[in-house]
Amino acid sequence: MVKVLGIIGGGQLGSLLSSAAKKLNIKTVIFSDDPDAPGKQFADEFIFGNYDDQEKIDLFTNGVDVVTFEFENIPHKTLKIIETKKKVLPKPGINKIVQNRLTEKDFVNKCNIRTTTYVGVKNQKELRSNVNLIPGILKTSTLGYDGKGQYKINDIKELEKLNIDFSKKYILEKAVKLKKEISVIVTRFGHQKYEIYEPIENYHEDQILKNSKIPADISEKITSQSIDQATIIAEELDYIGTLCVEYFIDKNDNLYLNEIAPRVHNSGHLTINSHNISQFENHVRAVCGLEKIKVKKLFNASMINLIGHEISSYRKKNYNDNEFFFDYLKKEIKEKRKMGHLTTIK
Ligand code: ADP
Ligand code: MG
């Protein structure tokens with residue numbers, strides 16, 4: 001039986017995982033390379049160290065029964081070292097695929113699931129020879145999040161003007177004419193054993209998630225297609241835990257898979273208040289080998305992300321019974337940083 005869960009990463013996702021574990025009487029140890037990680041205030045134990053610090057890796061690994069993570073960009077080597085001693089779930093091989101936008105999209109297409117058209121780009125010449133993908137978005141192949149490392153290219157003039165640091169590798173994606181964005185969160189417990197939340201409608205501002213809501217205003221066809229595809233992805237990856245699949249819907253109601261997050265996801269924060277079991281509790285249940293309980297929606301809900309200085313006024317507000325304010329307790333307010341969220345149930 002799992003008594004102590006190790007979590008790599010100490011941001012809000014690690015914090016919310018810790019809170020969910022606590023409810024299940026499972027202790028958590030968070031390992032983070034940020035000495036001020038907010039997770040420190042939510043976990044039972046906190047270990048600060050670089051992710052390649054062998055001593056800290058050992059300390060962390062020895063103190064836990066099973067290991068999971070809150071973000072996908074952990075050095076693969078670190079996960080492999082931990083895996084020699086303790087189970088790591090989801091499996092580190094999955095991260096390797098998903099960490100890189102090119103291998104991720106190749107994998108999705110191999111599953112016969114549609115993505116936008118894309119190409120790997122290593123230099124200016126390759127970029128210029130792919131004008132057919134303009135308007136498009138140039139993204140670093142690895143380590144991007146919340147729109148970081150992304151350049152929107154609207155026309156060829158903009159492409160010529162761009163000064164890109166080609167010491168990094170890029171992917172150029174054709175821009176989808178967005179009608180809507182949705183995500184599907186699934187928790188897989190084992191072969192053909194899933195709990196799935198209904199699709200969540202997401203609205204981004206400056207490539208950062210701003211609002212999420214259920215129900216999503218989408219057709220039944222898109223609902224079933226997106227759920228089916230998320231299930232196929234989870235099964236193909238032999239995934240254990242909570243996974244999020246992000247999608248684009250274009251003006252003609254075509255569905256494109258945008259990206260896979262091998263972890264709990266910001267769009268699923270509303271499940272804490274809308275469902276009997278949240279995405280976080282489900283993740284803990286799956287990776288700790290606890291019972292799978294059927295998820296039930298209790299309420300419709302919407303969530304708003306509180307970004308940067310927005311948090312200040314929300315800290316002073318009074319809330320109604322149907323409003324749930326979460327403060328991630330981050331030490332410093334920074335522009336574009338996710339500081340907290342507010343979920344309203346309906
Ligand atoms: P991140 O890893 O930062 O979440 P995404 O690839 O999900 O990166 O991009 C963030 C947001 O930028 C998307 O949710 C969407 O709003 C917009 N975006 C990214 N790629 C495309 C695309 N190919 N077509 C249209 N919009 C896009
Ligand atoms: Mg995204």
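The paragraphs below go through two sheets, the helices beside them, and a few single residues of this predicted model.

The parallel sheet comes earlier in the chain numbering of its strands, and the walk starts there. This open sheet has 5 strands in the order S3-S2-S1-S4-S5, and the pairing is parallel. Strand S3 (45–48) and strand S5 (87–88) form the edges, each pairing on one side only. Strand S1, residues 4–8, is joined to strand S4, residues 66–69, by 4 bridges, and these two strands run parallel. To find this pairing on the screen, take Gly 6, whose bridge partner in S4 is Val 67.

Helix H2, residues 54–62, packs with this part of the structure. At its start, a side-chain oxygen of Asp 53 comes to within 3.1 Å of the backbone nitrogen of Glu 55. Within H2, the residues Ile 57, Phe 60 and Thr 61 are buried. Viewed down the axis of H2, these buried residues fall within an arc of 95°, so they line one face of the helix. Glu 55 and Asn 62, on the other side of H2, are exposed. What covers the buried residues of H2? The cover includes S1, strand S2 (27–32), S3, S4 and helix H3 (76–83).

Phe 48 belongs to the edge strand S3. Is Phe 48 buried, partly exposed or exposed? With a relative accessible area of 38%, Phe 48 is partly exposed. Apart from neighbours within four places in sequence, Phe 48 is in contact with Ser 32, Asp 33, Asp 34, Pro 35 and Lys 56. Asp 36 lies 12 residues from Phe 48 along the chain, and the C-alpha atoms of the two are separated by 8.8 Å.

The other sheet is built with antiparallel pairing. This open sheet has 4 strands in the order S6-S9-S7-S8, paired in the antiparallel sense. Its edge strands are S6 (118–121) and S8 (150–153), and each of them pairs on one side only. Neighbouring strands of the sheet are turned by 20° against each other on average, with direction ignored.

The pairings can be followed across the sheet from S6. S6 and S9 run antiparallel and are joined by 4 bridges; Val 121 has Tyr 170 of S9 as its bridge partner. S9 pairs in turn with S7 in the antiparallel sense over 5 bridges, and here Lys 139 stands opposite Ile 171 of S9. Strand S7, residues 136–140, is then joined to S8 by 4 bridges, again antiparallel. In that last pairing Gly 136 stands opposite Ile 153 of S8. How many of the residues of S9 are buried? In S9, 4 of its 5 residues are buried, and the strand is mostly covered.

Helix H5, residues 101–110, lies across S6, S7, S8 and strand S9 (170–174), and runs at about 150° to S6. At the start of H5, a side-chain oxygen of Asn 100 reaches to within 2.8 Å of the backbone nitrogen of Leu 102. The buried residues of H5 include Arg 101, Glu 104, Lys 105, Phe 107 and Val 108. Seen down the helix axis, the buried residues of H5 fall within an arc of 155°, so they line one face of the helix. After H5 comes Asn 112, whose phi is positive, near 60°.

Further along the chain, Ser 278 sits in the loop between helix H9 (271–274) and helix H10 (279–287). Why does Ser 278 count as buried? Its relative accessible area is 10%, and buried means under 20%. A polar atom of the Ser 278 side chain lies 3.0 Å from the backbone nitrogen of Glu 281. Residues up to four places away in sequence aside, Ser 278 touches Tyr 197, Thr 271 and Ile 272.

The cysteines come last. The structure holds 0 disulfides. Cys 244 is in no disulfide, and the nearest cysteine sulfur, that of Cys 111, is 16 Å away. Cys 244 counts as buried, at 0% relative accessibility. Cys 288 is also buried, with a relative accessible area of 7%.

Definitions and conventions: Residues numbered from 1 in each chain as written. Chains lettered and ligands numbered in written order. Predicted model: local features only at pLDDT ≥ 70, side-chain atom pairs only at ≥ 80, totals over all residues. Heavy atoms only, no water. Pairing = 2+ DSSP bridges. Axes fitted to C-alpha atoms, helices over the stretch in contact; angles between N-to-C directions. Contact = heavy atoms within 4.5 Å. Buried < 20%, exposed > 50% of the residue type's maximum accessible area, 1.4 Å probe, protein only. Arc of directions from axis to C-beta. Polar contact = N/O pair within 3.5 Å; in protein donor to acceptor, adjacent residues only side chain to side chain. Disulfide = S-S within 2.5 Å.
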